[in-house]
Amino acid sequence: MSPYETVAWDFSTEPAFERQLAWMREFVRTEVWPIETVYEELGQGGFERAIAPLRDEVKARRLWAAHLPPELGGQGFGQVKLGLMHEILGTSPYAPFVFGNNAPDSGNAEILALAGTPDQKAQWLEPLLAGETRSAFSMTEPDTSGSDPTLLATRASDDGDAWVIDGHKWFSSNGSVADFLIVMAVTDPDAQRHRRASMFIVPADTPGVRILRDVATMEHPDERFGRIGGHAEIAYEGVRVPKDNLLGARGAGFEIAQQRLGPGRIHHCMRWLGVSRRAFDMLCERAVSRYAHGSVLSDKQTVQNWVADSAAQMHAARLMTLHAAWKIDAEGASAARQEIALIKFYGAGVLHDVVDRALQAHGALGYSTDLPLEAMYRFARAARIYDGPDEVHRESVARQILRGYEPPADGVPSEHVAPRRAAARERFAGLLEAVTSND
Ligand SMILES: Cc1cc2nc3c(=O)[nH]c(=O)nc-3n(C[C@H](O)[C@H](O)[C@H](O)COP(=O)(O)OP(=O)(O)OC[C@H]3O[C@@H](n4cnc5c(N)ncnc54)[C@H](O)[C@@H]3O)c2cc1C
């Protein structure tokens with residue numbers, strides 16, 4: 001029996017859910033990882049056929065679309081449980097598709113669940129959840145800073161029974177294969193900065209929606225149009241959508257985006273930990289097997305440092321992320337803003353560092369496509385940019401922290417020793433005198 005009182009901190013997972021996680025670990029490793037090496041050969045149709053029976057198993061296990069509430073066909077898990085699931089799903093880029101929570105559809109489904117009218121849910125959310133349609137989120141523009149979306153230039157004008165959208169977007173992930181796009185556009189240019197923009201549901205076949213290209217990237221250096229995971233550049237030219245296609249209240253675009261992005265960042269960070277863990281296992285396996293300069297790499301202090309530093313960083317990121325998830329569950333996404341911003345940049349850095357060390361430890365093999373590390377490295381680089389670059393999250397964290405401080409009234413640092421010593425001498429004058437007289 002412990003002599004200490006039990007406190008409310010609890011790092012354990014409830015046994016029933018831990019069993020689900022154990023099943024997921026095994027299932028993802030044995031059923032989903034093998035798809036990675038033949039994905040290109042399978043093509044989209046073959047991939048869909050390969051994962052169809054896996055999806056049935058996930059549904060039977062009651063793990064499908066776990067981010068949504070039960071009335072929408074999901075499991076209604078809170079963010080801590082979802083986070084633990086995403087850590088496993090992150091180990092493979094294809095696992096989220098098997099579990100019905102792949103980006104950007106999962107986030108868009110959350111927006112529709114959060115802000116959609118009953119008609120919008122019936123028309124757009126239900127087919128999306130059933131896997132019958134695809135969606136994209138179209139906010140970032142090539143000509144304005146995505147880090148500061150209050151600068152958005154895309155306009156939606158009120159034109160009687162319709163909104164008319166004009167603008168230029170890019171990096172709308174899955175835009176070239178989407179059935180509909182959720183477009184962020186300025187409806188109220190004179191309103192307060194965060195009340196200027198609104199969201200719209202735009203069917204991809206609406207006249208004036210011109211998908212220009214899938215932008216070639218570090219991840220997909222060859223430009224290939226119409227692939228899942230592509231990042232579309234889109235011109236919106238006089239795009240008329242009915243008034244009913246306004247998603248949420250007019251001017252509430254940022255508010256809705258914020259609701260979606262908070263939990264989404266938890267999922268990102270936990271998925272990154274899944275990738276990091278896989279890279280870390282490769283680092284350790286290489287360390288104990290590669291021989292150079294008289295010993296295996298694991299005997300070299302630099303490599304030992306990589307292992308220890310990676311383990312420490314991953315552990316820190318995991319605890320920070322689960323804590324942020326717990327805070328969202330307990331107090332809501334806006335109360336957890338600081339924690340979410342912390343993990344967004346910290347987690348992206350950990351992913352980058354761990355993959356980089358694993359790649360380095362494999363030398364030329366790490367750089368080659370014979371291992372998944374180079375692909376992980378390219379994936380990791382993007383994590384420091386999307387959903388807000390590192391610098392923006394650091395700035396946000398620092399601002400929130402610094403709000404709790406003010407300059408000392410007398411201009412002297414609060415911890416300056418001389419004034420503190422003078423005050424302490426006054427306080428302990430009696431004792432000090434006794435000590436001196438005893439001397
Ligand atoms: C793989 C990927 C997928 C994406 N998917 C989508 C999507 O589906 N839908 C969508 O709408 N967008 C998407 N994006 C776009 C992404 O959200 C933006 O790239 C991001 O918000 C940054 O905006 P920007 O590219 O315009 O960079 P900018 O805003 O121009 O920023 C450039 C750089 O300036 C610096 N910077 C900016 N602000 C500050 C600051 N306050 N202090 C210090 N430095 C600063 C940072 O280093 C930053 O990287 C995606 C991006 C990537 C890479």
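## Overall build

Of the 439 residues in the protein chain, 46% count as buried. Keep in mind that this is a predicted model. The chain is built from 14 helices and ten strands, and its C-alpha atoms fill a box of roughly 95 × 65 × 45 Å along the principal axes.

As for the outside, the accessible surface of the chain adds up to about 22800 Å², with 53% of that belonging to carbon and sulfur atoms. Long-range contacts feature heavily: take the contacts with a separation of 6 or more, and 70% of them link residues 24 or more positions apart.

## The nonpolar cores

The largest nonpolar core has 64 residues, and the members that touch the most others are M24, M85 and F99. Two or more residues each come from α1, α2 (39-60), α3, α4, α7, α8, α9 (337-361) and α11 (373-383). Looking past its neighbours within four places in sequence, M24 is in contact with L63, M85, I88, L89 and F99.

Apart from that core lies another one, of 26 residues. Its members include L68, V186, A197 and A252.

## Two covered helices

Start with helix α3, residues 79-89, where nine of the eleven residues are buried. Those nine are Q79, L82, G83, L84, M85, H86, E87, I88 and L89. They pack against α1 (15-36), α4 (95-98), α7 (253-289) and α8 (301-331). Three names here tie back to the core: M85, I88 and L89 are buried residues of α3, and M24 is in contact with M85, I88 and L89.

Helix α5 spans residues 105-115, and ten of its eleven residues are buried, so the rest of the structure largely encloses it. The buried set runs to D105, S106, G107, N108, A109, E110, I111, L112, A113 and A115. Their cover includes both helices and strands: α6 (118-129), β1 (135-138), β4 (180-186), β5 (197-203), β8 (246-247) and α7. So what do the two helices have in common? Helix α7 is among the elements that the buried residues of α3 pack against, and α7 also helps cover the buried residues of α5.

## Around the ligand

The ligand is surrounded by 17 residues, with F137, T140, S145, S147 and F171 the closest. By type, this shell divides into seven nonpolar, seven polar and three charged residues.

Several polar side chains come up to ligand oxygens. For S145, a polar side-chain atom lies 2.5 Å from an oxygen atom of the ligand; for S147, the corresponding distance is 2.6 Å. An N or O atom in the side chain of E391 is 3.0 Å from a ligand oxygen. On its own the ligand has 980 Å² of accessible area, and the protein covers 66% of it. The elements giving two or more residues to the shell are β3 (162-173) and α12 (390-402), with α12 giving the most, at three residues.

## A loop glycine

Where does G208 sit? It is found in the loop between β5 and β6 (209-214). Why does G208 count as partly exposed? Because its relative accessibility is 23%, and buried would mean under 20%.

G208 and V239 are 31 residues apart in sequence, yet their C-alpha atoms are 4.9 Å apart in space. Leaving out residues up to four places away in sequence, G208 touches A235, Y236, E237 and V239.

Technical notes
Residues numbered from 1 in each chain as written. Predicted model: local features only at pLDDT ≥ 70, side-chain atom pairs only at ≥ 80, totals over all residues. Heavy atoms only, no water. Buried < 20%, exposed > 50% of the residue type's maximum accessible area, 1.4 Å probe, protein only. Helix = DSSP H or I, 4+ residues; strand = E, 2+ residues; numbered from the N terminus. Contact = heavy atoms within 4.5 Å. Near = heavy atom within 4 Å. Polar contact = N/O pair within 3.5 Å; in protein donor to acceptor, adjacent residues only side chain to side chain. Areas by Shrake-Rupley, 256 points an atom, 1.4 Å probe, with all protein chains shown as cover. Nonpolar A, V, L, I, M, F, W, Y, C, P; charged D, E, K, R; others polar. Core = buried A, V, L, I, M, F, W, Y, C linked by side-chain atoms within 4.5 Å.
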